[in-house]
Amino acid sequence: MGRFWDQRAREEPYFFIDNRRAYGDPDLAAFWAEGEADLDRILGLLQVGVTPTDEALDIGCGVGRLTRVLAERADHATGLDVSQEMLDRAAAHNDHLDNVRWVHGDGVSLVPIADASVDAVVSHVVFQHIPDPAITLGYVREIGRVLRPGGWAAFQVSNDPAVHRPRRRSLLERVARAAGRRPGGQDDPAWLGSAVDLAALRAVAADAGLALERVVGEGTQFCLVLARRTA
């Protein structure tokens, strides 16, 4: 996963973070603005918000599109990503922020985030790319570990197996990709990812001391979950 996302960061990081962008011609002003809009939409649907005293964590932060917004609203924010290339770009893009820590993750856990040290966790269009749903469920367990009692996590998972199947590519598309005119890695398991069964997620969350307070978009690729650490 780390090697895959390092390659995508070198290729065109903004598209792979938000593929609503035009490949190879990113509108960076829109990229950052839509990050804030996306976070507001997620938090609004899940009816939760970041406060000025919060310690916030962005899982799969990429170049810091959501981390930047969290840092502006919280006391401190941590951006964690499996790609060091993404993190290097995040640090460069957000060097005006003095309350952010960038952490290189191991791809299976939230090490080195300390136990019960976080008030708010956010993750968007990240878990859907993990090829093995057991790893995503492991992250849910880790969320339970790092959240303080009463802390919450707002994250997105896919519940739709169909969107994770490889599709046939035309010769024209394959030629354009080889020439660098189309995005690479689209058939790699690290891009295709996997769906997570909500019943399994509920069971793991309960075992991790998390109560699922809200689920929005069940059965779709963009299923939003609000989990809170019980006292």
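Buried means under 20% relative accessible area, exposed means over 50%, and partly exposed lies in between (1.4 Å probe, protein chains only). This is a predicted model, in which local features need pLDDT of at least 70, side-chain atom pairs count only at pLDDT 80 or more, and totals for chains, interfaces and linings use all residues. Residues are numbered from 1 along each chain as its sequence is written, and side-chain values use heavy atoms, with hydrogens and water left out.

**Exercise 1.** Classify Arg 8 and Glu 11 by burial, then describe how their side chains meet.

*Solution.* Start with accessibility. Arg 8 has 8% relative accessibility, so it counts as buried. Glu 11, at 28%, counts as partly exposed. Next, look at the pair: the two side chains of Arg 8 and Glu 11 form a salt bridge at 2.9 Å, N to O (a side-chain nitrogen of Lys or Arg within 4 Å of a carboxyl oxygen of Asp or Glu). Finally, place them in the chain. Arg 8 and Glu 11 are three residues apart in helix H1 (residues 2-11), which puts about one helical turn between them. Helices here are DSSP runs of H or I with at least four residues, and strands are runs of E with at least two, numbered from the N terminus.

**Exercise 2.** Find the salt-bridge partner of Asp 119 and say which parts of the chain the pair links.

*Solution.* The partner is Arg 148, with the closest N and O atoms 2.7 Å apart. This pair joins distant parts of the chain, since Asp 119 is in strand E4 and Arg 148 in strand E5, 29 residues apart. Now check burial: Asp 119 is buried at 17% relative accessible area, while Arg 148 is partly exposed at 32%.

**Exercise 3.** Work out whether the length of H6 agrees with or departs from its expected span.

*Solution.* The expected span is 1.5 Å times one less than the number of residues. For the 14 residues of H6 that should be 20 Å, and the end C-alpha atoms are 20 Å apart, so the two agree. At the start of H6, a side-chain oxygen of Asp 132 comes to within 2.9 Å of the backbone nitrogen of Ala 134.

**Exercise 4.** Explain what is notable about the charge of Asp 81.

*Solution.* First locate Asp 81: strand E2 (residues 76-81). Asp 81 is buried but has no salt bridge, and the nearest side chain of opposite charge, Arg 89, is 10 Å away. Then look for other partners: the side chain of Asp 81 reaches the backbone nitrogen of Cys 61 at 3.2 Å.

Definitions and conventions:
Lys and Arg count as positive and Asp and Glu as negative; His and the chain ends are not counted. A polar contact is a pair of N or O atoms within 3.5 Å; within protein, one must be able to donate a hydrogen and the other to accept it, and residues adjacent in sequence count only if both atoms are side-chain atoms.
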